[in-house]
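Q: I should like to learn how to read burial, strand pairing and helix packing from a model. May we work through a case together?

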Amino acid sequence: MAIDNINQGFAHLQQHHLSQANACFMQVIKQDHSNGMALWGLAKIAFLTFQYDKSIGLYQQACQQLAEHCAPLLELAEAFNQVHAQTDALTVLEYAIKTFPKDELVRSHLAQQHIQMGKLAEAEQGLRQLLHSENPIVRGYAWLDLCRVKNANMAATDVTKLIKEQQLAPVNSQQKMLLDYALGNVFDQQKDYSRAAVHLKRANKFQKSLCDFSTCEMEPLFNAIVQSYQPCRGNDETQAQPDKITPVFILGLPRTGSTLLEQMLCQHSDIATVGEQTYLSDFVVPFIESQAKQPFPMFAQSVSSETLKLAAQRYLDVVSTNLKQGFIINKLPANFQHVGLILQLFPNAKIIDIRRDIEDVALSVFKNHFAENEPYFCDVSEFNLYAKMYHNMMEKWQEIFPNKIFTPSYEQLVTQPEKSVRACLEYLGLAWQPECLSSHNNTTAAVKTLSAVQVREPINAQSIGCWRNYGTLLGY
């Protein structure tokens, strides 16, 4: 009976039927409160519903009962990361690698944790062990991450091995794509731009073949979003927020310097960050849809003030877990689609739309492998369309919400960092703190974006104008 309930519970989890899954697991717990599989299932549900503290307790109980399984340990580590307890996450992963020394998934997670925390020497050690994996995809990701970690310091022997593996990889395979991205960046660092372009073109072309939609299909939604929010009633209860939290949203196109700006700002004693979180789309929007009985964005005009108040408080409860600062950053670039919703929920929110010369943005997107197979991440023409829709939407938001959005530039951030950060702090209503210029020395904050290695380096302007090395290829 217990096994049937557990199997049914995990089947419901796969379908994201969380209430049904919860009922199955709770039925088991009533009979056996220490059942590891049921505890694991309940921990997953708590995590998926953003109840991170609860999920941590349940994962810890599950790990005690499921000593032969490594997956609960990996999920416990991620739950710790979600509540900004990166050291605890690292401790869990270090325990996991001692317990499961041959498990490549554990080693990969540990290497990623090291990268996120700026422990690059430790990351390199783990990645080099993964290069010996029998799984070609594991080796491909290990090479890609090793190139990020080593940056311009790749040894000639490593480059030779990487070239050989790329040549032996099957044509039109995920492994070859990953290795092409890696080699493209190696040759870019060596200023051999023609060879870099060959590999990057091939990598982007294959990833584009994996995409199942076109960027133009997003345009009707973008238009509907803007139309739904002009003008729109807001949440009048915001000023009564008990924790006096000011939500800060750094948004824009990918690869515009948002991670650098975030890391500089969160050195300020009054500012914290939750990184790139999909709380709005995955948590707030479904809640409002369920209450308003209308889908996003159509609910904008009809949703009640009470629902907005509840949704706003739910967001604040999640982002403020274990954080005491008054300003909390969410730097998900795609939140530019939610500016209307943000200001409807939080009239006091601060929105920072960081801009960068579009040619350099296009190059950075072209050079980097994004985990999501989305067309604007791997095709220049698709990216240009996405960028056009983004700019059009931001112009509309500026019209609807004048003087609500602050727009710094990446170029000024790296050439005049103090002036740029001072301007951002002034927009937030905060005093200058010189620690904001020392973000690269911060070894406590975890960074989960593609810029995890770059933000550990001193601020520099080396990437400005690099698109000219690929001008013909990019079409600018």
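A: We may begin with a single residue. Ile358 has a relative accessibility of 23% and counts as partly exposed, because only values under 20% are classed as buried. The model is a predicted one.

Q: Where is Ile358 found, and which residues does Ile358 touch?

A: Ile358 is found in helix α18, which spans residues 358–367. Leaving aside residues up to four places away in sequence, Ile358 touches Leu253, Phe383, Ala387, His391 and Tyr476. Tyr476 is 118 residues from Ile358 in sequence, and their C-alpha atoms are 9.7 Å apart in space.

Q: How far apart in space are the C-alpha atoms of Gln27 and Lys176?

A: Gln27 and Lys176 are 149 residues apart along the chain, and their C-alpha atoms are separated by 47 Å. Gln27 lies in helix α2, residues 18–31. Its relative accessible area of 37% makes Gln27 partly exposed.

Q: I should like to turn to the sheet. In what order do the strands of the open sheet stand?

A: A sheet is read by following each strand to its partners. Here five strands form an open sheet in the order β2-β3-β1-β4-β5, and the pairing is parallel. At the edges stand β2 and β5 (405–406); each has a single partner strand, so one side of each lacks a neighbour in the sheet.

Q: How many bridges join β1 to β3, and which residues are partners?

A: The register is read from the bridge partners. Strand β1 (residues 246–251) runs parallel to β3 and is joined to it by four bridges. Thr246 has Phe327 of β3 as its bridge partner, and Pro247 has Ile328.

Q: Which residues stand opposite each other where β2 pairs with β3?

A: Strand β2 (residues 271–273) pairs with β3 in the parallel sense over three bridges. Ile271 stands opposite Phe327, and the bridge partner of Thr273 in β3 is Ile329. Phe327 thus serves as a reference point for the register, with Thr246 as its partner from β1 and Ile271 opposite it in β2.

Q: How many bridges does β1 form with β4?

A: β1 and strand β4 (residues 350–353) pair in the parallel sense over four bridges. Within this pairing, Ile250 stands opposite Ile352 of β4.

Q: Are the faces of β1 covered or open?

A: To answer this, one reads the side chains on each side of the strand. On one side of β1 are Thr246, Val248 and Ile250, on the other Pro247, Phe249 and Leu251, and all are buried, so that both faces are covered. Six of the six residues of β1 are buried, so the strand is largely enclosed by the rest of the structure.

Q: Which way do the residues of β3 point?

A: In strand β3 (residues 327–330), Phe327 and Ile329 point one way, Ile328 and Asn330 point the other way, and all are buried.

Q: May we now consider the helices? Which residues of α8 are buried, and what covers them?

A: For a helix, one lists the buried positions and then looks for what covers them. In helix α8 (residues 120–130), the buried residues are Ala123, Glu124, Gly126, Leu127 and Leu130. Their cover includes α7 (104–116) and α9 (136–150).

Q: At what angle do the axes of α9 and α11 cross?

A: The angle between axes gives the relative direction of two helices. The axes of α9 and helix α11 (residues 174–189) come within 8 Å and cross at roughly 15°. The two helices are therefore roughly parallel to each other, and α9 passes α11 in a left-handed crossing. On the α9 side the contact includes Trp143 and Leu144, and on the α11 side Leu178 and Tyr181 are among the residues involved. The residues of this contact comprise 11 nonpolar, three polar and one charged.

Q: At what angle do α4 and α5 pack?

A: Helix α4 (residues 52–65) and helix α5 (residues 71–82) pack at about 155°, with their axes 9 Å apart. They are therefore roughly antiparallel to each other, and α4 passes α5 in a left-handed crossing. In α4, Tyr52, Ser55, Ile56, Tyr59, Gln60 and Cys63 meet Pro72, Leu73, Glu75, Leu76, Ala79, Phe80 and Gln82 of α5. By class, the residues of this contact are nine nonpolar, three polar and one charged.

Notes. Residues numbered from 1 in each chain as written. Predicted model: local features only at pLDDT ≥ 70, side-chain atom pairs only at ≥ 80, totals over all residues. Heavy atoms only, no water. Buried < 20%, exposed > 50% of the residue type's maximum accessible area, 1.4 Å probe, protein only. Pairing = 2+ DSSP bridges. Contact = heavy atoms within 4.5 Å. Axes fitted to C-alpha atoms, helices over the stretch in contact; angles between N-to-C directions. Parallel < 35°, antiparallel > 145°, perpendicular 65-115°, else oblique. Left-handed = near helix turned anticlockwise from the far one by under 90°. Nonpolar A, V, L, I, M, F, W, Y, C, P; charged D, E, K, R; others polar.
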